[in-house]
Amino acid sequence: MLASCTETPRKPISRTSDKQADSLAFFTYLDAGDSVYAAKKGYASFAASLKYYDSAQAIADRSGDSLLLAEAIFAKGRVHDAWNKEPRKTIAYFKQAASLFRPLPVAYKRYLYAKHLLAHAYDKIQDSTHTARVLAELYAELKTKDTALLRSIPSTAEMALIATEVRAYPLADSILTHLSRRQWIRNDPNTYDYLDHYYLTRSRLEVFWRKNPRSAYVDSLEIGFQRSKNVIDSLYYSTNLANLYAAGGRFKQAYTYLMLAQVLGQRLNQHKSIAEMQQALLRSELRAEKRKLEYRASIRETRLVALWIMGALLAVITGLSIYLYYRNKSYRAQSQHLSVLNGQLDDKVEQVELLNKEIQHRIKNNLQVIYSLLRMQERKSQQVETIESLQIARLRIESIANLHNQLAASNDELSIASFSENLIPAVVACFSVDRQVITHVNAIDRRLSSRQYLPLALMLTEWVINSLKHASPASGILEINVTFSEIDKQICLRYCDNGQSSQTGARSGDGLGTEIINLLSRQLDAVLTTPGLNPYHYVLSFSNDG
């Protein structure tokens with residue numbers, strides 16, 4: 001059983017004119033590849049379709065659009081499925097495509113289609129356990145859906161057919177009984193011969209499971225064989241008819257179809273076609289790997305520039321904050337001294353306080369200017385990684401501004417508890433996520449020196465950002481735990497989440513965020529450790545200068 005073209009209509013989805021052009025070009029290439037693929041003229045058709053799919057893949061990689069990436073990966077999986085020489089790659093492609101389709105409401109049917117082909121790929125390596133598990137998951141999910149949706153999903157017949165491949169006959173019967181009706185099913189020249197596959201599934205259930213060798217469904221399947229228009233489908237139906245007739249004791253018919261299958265198999269597996277297909281797949285993989293290397297080089301260059309910019313900004317902001325703090329502290333001391341010496345100098349004291357407010361106001365203005373500049377650069381940027389880096393930079397600036405407001409409002413009497421209970425939820429609220437996040441903050445009622453709050457705020461911001469971006473908890477609910485305690489006159493900060501990294505290398509310790517955390521740790525004269533097996537469980541110990 002071979003995967004064919006798209007099951008549901010695909011529409012380009014875009015937000016800007018550039019994205020609209022990318023989507024249009026992408027689906028033009030994809031539809032052209034599908035047309036060549038659907039011809040099923042042996043391996044030559046599949047090899048020729050790769051040229052169009054590779055062009056679509058290049059557009060998807062450049063755009064970073066989840067829907068385009070899912071469609072490109074899915075197309076590559078179908079070619080490997082037809083080739084059937086590297087089944088592990090087929091499984092990897094379909095699994096990745098299903099995971100990309102799943103969160104997209106407009107692509108729900110594409111998700112179902114990709115997942116049923118994942119079951120088919122497991123069947124090809126004779127992994128009946130995973131095949132039955134994937135089909136059972138799909139059956140349980142679709143059983144809760146309404147009739148209107150089920151009528152629009154013809155691949156339920158394919159699900160039942162795959163179930164018979166691994167002899168899960170009760171599951172196949174349940175799928176046909178609860179998810180499908182005979183009158184809903186018809187052949188589609190652009191995808192599967194759904195009706196013929198329905199007859200094949202019913203034939204297997206009657207002959208192999210219910211032991212009825214004279215089932216009328218076998219006769220219907222013969223009609224499907226007679227109207228097949230390509231070598232691949234003819235080979236598939238003749239092989240199945242040979243097996244069905246043999247199981248029913250009708251050996252003459254079984255022998256006839258077995259001989260037909262051998263002739264068709266020899267015609268399909270011509271040495272030249274196999275070699276061309278293998279070379280086409282190899283060229284496709286090499287092109288994809290070249291694009292990945294070029295993309296990674298671009299990302300490294302972008303990160304290096306961002307590191308220099310952030311380092312300079314961090315140094316300027318840190319120096320300015322410390323300078324203004326001590327200058328502010330000096331003004332207050334002078335004001336108190338003048339008040340004690342002479343009560344008649346109240347006007348001068350008011351002028352000093354006004355100057356202090358002006359300084360605080362300018363700090364806020366400067367932070368807002370930096371924030372706005374980053375926002376402008378973000379809007380002009382095209383690369384996804386650059387946009388993400390600028391968004392995170394804006395969040396760091398916002399954390400600094402939030403800390404500045406807390407210090408100003410508390411008049412240098414800010415406690416660790418108040419600081420952390422305001423900072424952590426604010427960072428979570430600023431970083432847009434599509435899942436539930438629960439924060440647990442347990443902090444002691446101690447005060448730090450004002451110079452210690454800034455690096456501490458930036459470190460917590462980096463950790464929370466990394467959790468929101470990369471943690472993948474099994475329950476789907478992200479939990480962040482932050483605890484401050486005092487041990488042997490040392491302030492001890494513990495941070496962890498309940499997830500694991502969702503991307504390879506996302507927490508490997510070689511990113512910009514890690515370099516910033518190490519820099520800030522040295523500013524605090526702190527000891528930073530990652531105890532246990534969890535790579536994202538941090539313990540930070542430092543002396544309280546307050």
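The paragraphs below walk through a predicted model, going from a loop and a packed helix to ring pairs and an enclosed cavity.

A convenient place to begin is Leu104, which sits in the loop between helix 4 (87–101) and helix 5 (108–124). Because its relative accessibility is 21%, and buried would mean under 20%, Leu104 counts as partly exposed. Once its neighbours within four places in sequence are set aside, Leu104 is in contact with Ser66 and Leu67. Leu67 is 37 residues away from Leu104 along the chain, yet the C-alpha atoms of the two are separated by 7.6 Å.

Aromatic rings also appear in this part of the sequence, where ring pairs link Phe74, Phe94, Phe101 and Tyr113 into a cluster. A charged side chain meets a ring as well, for Arg102 lies over the face of Tyr111, at 4.7 Å from the ring centre.

Further along the chain comes helix 9 (residues 169–179), in which Tyr169, Leu171, Ala172, Asp173, Ile175, Leu176 and Leu179 are buried. When looking at such a list, it helps to remember that an α-helix has 3.6 residues a turn, so residues three or four places apart point the same way. The buried residues of helix 9 are covered by parts that include helix 6 (128–142), helix 7 (147–151), helix 8 (156–165) and helix 10.

The aromatic rings deserve a wider look, since a search of the whole structure finds 15 aromatic pairs. One of them joins Tyr199 and Tyr217, whose ring centres are 6.4 Å apart and whose planes meet at 35°, so the pair is tilted. This pair links distant parts of the chain, with Tyr199 in helix 10 (residues 194–209) and Tyr217 in helix 11 (residues 216–226), 18 residues apart. The two partners can also be compared by their accessibility: Tyr199 counts as buried because its value is 14%, whereas Tyr217, at 27%, counts as partly exposed.

Another pair is formed by Phe419 and Tyr453, with ring centres 5.0 Å apart and planes at 55°, so this pair is tilted. Phe419 lies in helix 17 (residues 416–430) and Tyr453 in helix 18, so the pair ties together parts that are 34 residues apart in sequence. Both Phe419 and Tyr453 are buried.

A second loop worth visiting is the one between helix 15 (346–380) and helix 16, where Ser381 has its place. Although Ser381 belongs to a loop, it counts as buried because its relative accessibility is 11%. Residues up to four places away in sequence are not counted when its contacts are listed, and Ser381 then touches Thr386, Ile387 and Leu390.

The last stop is a space inside the protein. Rolling a probe the size of a water molecule over the atoms shows where empty space is left. Here a search of the whole structure finds one cavity of 30 Å³ or more, and the largest cavity has a volume of about 80 Å³. Its lining is made of Met310, Gly311, Leu313, Leu314, Ile317, Arg396, Ile397, Ile400, Leu458, Glu462 and Ile516. The elements that give two or more residues to this lining are helix 14 (271–341), helix 16 (384–410) and helix 18 (450–470), and helix 14 gives the most, with five residues. Sorted by class, the lining of the largest cavity has eight nonpolar, one polar and two charged residues.

Conventions: Residues are numbered from 1 along each chain as its sequence is written. This is a predicted model: local features need pLDDT of at least 70, side-chain atom pairs count only at pLDDT 80 or more; totals for chains, interfaces and linings use all residues. Side-chain values use heavy atoms; hydrogens and water are left out. On a 1 Å grid over the protein atoms alone, a cavity is a set of points where a 1.4 Å probe fits but cannot get out, and a pocket is an open set with protein on both sides within 12 Å along at least five of seven lines; lining residues have an atom within 4 Å of a point. Grid points are joined across faces, edges and corners, and a volume is the space filled by probe spheres set on the points. Helices (H or I, at least four residues) and strands (E, at least two) are DSSP runs, numbered from the N terminus. Ala, Val, Leu, Ile, Met, Phe, Trp, Tyr, Cys and Pro count as nonpolar, Asp, Glu, Lys and Arg as charged, and the others, Gly among them, as polar. Buried means under 20% relative accessible area, exposed over 50%, partly exposed in between (1.4 Å probe, protein chains only). Contact means heavy atoms within 4.5 Å. Rings of Phe, Tyr and Trp (its six-membered ring) pair if their centres lie within 6.5 Å; planes under 30 degrees apart count as stacked, over 60 as edge-to-face and the rest as tilted. A charge sits over a ring if NZ of Lys or CZ of Arg is within 6 Å of the ring centre and within 35 degrees of the ring normal.
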